[in-house]
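Biologist: Could you take a close look at one part of this protein for me and walk me through how it sits among its surroundings? Keep it casual, but show me the reasoning.

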Amino acid sequence: MVLSVAMRPSNEALLKTVLLLKQGGLRVEELSLRRDGDVLTGRIVVTGKESKARWFVEKARTLPFFVGADLSA
């Protein structure tokens, strides 16, 4: 599964991303981030339960560190 994220470029945002992935039991296979102005955009390839990946996306959308998050199979 692929998670697409957009977040504020801060250490807190990166740490929260790692924490949410760990809490969801998702294993990171590939991670790429790039800075586009005032936003970090990224693609995270994960393995784990799809319900946990959806949980990650929903949780990320509620946090101020994130600008957006989506899941694609």
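Modeller: T17 has a relative accessibility of 7%, and since buried means under 20%, it counts as buried. This is a predicted model, so keep that in mind throughout. T17 is found in helix 1, and if you skip its neighbours within four places in sequence, its contacts are M7, I44, F56 and F66.

Let's zoom out to the helix that carries T17. Helix 1 has 13 residues, which at 1.5 Å a residue should span 18 Å; the end C-alpha atoms are 18 Å apart, so expectation and model agree. The buried residues of helix 1 are A13, T17, L20 and L21. Look down the helix axis and these buried residues fall within an arc of 100°, so they line one face of helix 1. Turned away from that buried side is a face with the exposed residues N11, L15, V18 and K22. After helix 1 comes G25, with a positive phi near 70°.

What do the buried residues of helix 1 pack against? Their partners are strand 1, strand 2 (27-36), strand 3, helix 2 and strand 4. L21 is a good one to click on: leaving out residues up to four places away in sequence, L21 touches L3, L26, V28, I44, V46 and F56.

That brings us to the core. The largest nonpolar core has 17 residues, and L3, L21 and F56 are those with the most contacts inside it. Two or more residues each come from strand 1 (2-7), helix 1 (11-23), strand 3 (39-47), helix 2 (50-62) and strand 4 (66-72). Helix 2 is the top contributor to this core, giving 4 residues.

Now back to two of the contacts of T17, namely F56 and F66. Searching the whole structure turns up 1 aromatic pair. The ring centres of F56 and F66 are 6.4 Å apart with their planes at 85°, and because planes over 60 degrees apart count as edge-to-face, that is what this pair is. The pair ties together distant parts of the chain, with F56 in helix 2 and F66 in strand 4, 10 residues apart. As for burial, F56 has a relative accessible area of 0%, so it is buried. F66 comes in at 6% relative accessibility and therefore counts as buried too.

Here is the overall frame for all of this. The protein has 2 helices and 4 strands, and from the N terminus on the order of elements is β-α-β-β-α-β. Its radius of gyration is 11 Å, close to the 11 Å that the globule rule gives for 73 residues, so the protein is as compact as a globular protein of that length. If you want a box for the C-alpha atoms, roughly 30 × 20 × 15 Å along the principal axes will do. Of the 73 residues, 33% count as buried. And among contacts between residues at least 6 apart in sequence, 66% join residues at least 24 apart.

To put the close-up back together: T17 counts as buried at 7% relative accessibility, is one of the residues on the buried side of helix 1, and is in contact with F56 and F66, the two rings of the edge-to-face pair.

How values were computed:
Residues numbered from 1 in each chain as written. Predicted model: local features only at pLDDT ≥ 70, side-chain atom pairs only at ≥ 80, totals over all residues. Heavy atoms only, no water. Core = buried A, V, L, I, M, F, W, Y, C linked by side-chain atoms within 4.5 Å. Buried < 20%, exposed > 50% of the residue type's maximum accessible area, 1.4 Å probe, protein only. Contact = heavy atoms within 4.5 Å. Expected span 1.5 Å × (residues − 1). Arc of directions from axis to C-beta. Phe/Tyr/Trp six-rings, centres within 6.5 Å; stacked < 30°, edge-to-face > 60°. Rg over C-alpha atoms; globule rule 2.2 N^0.38 Å.
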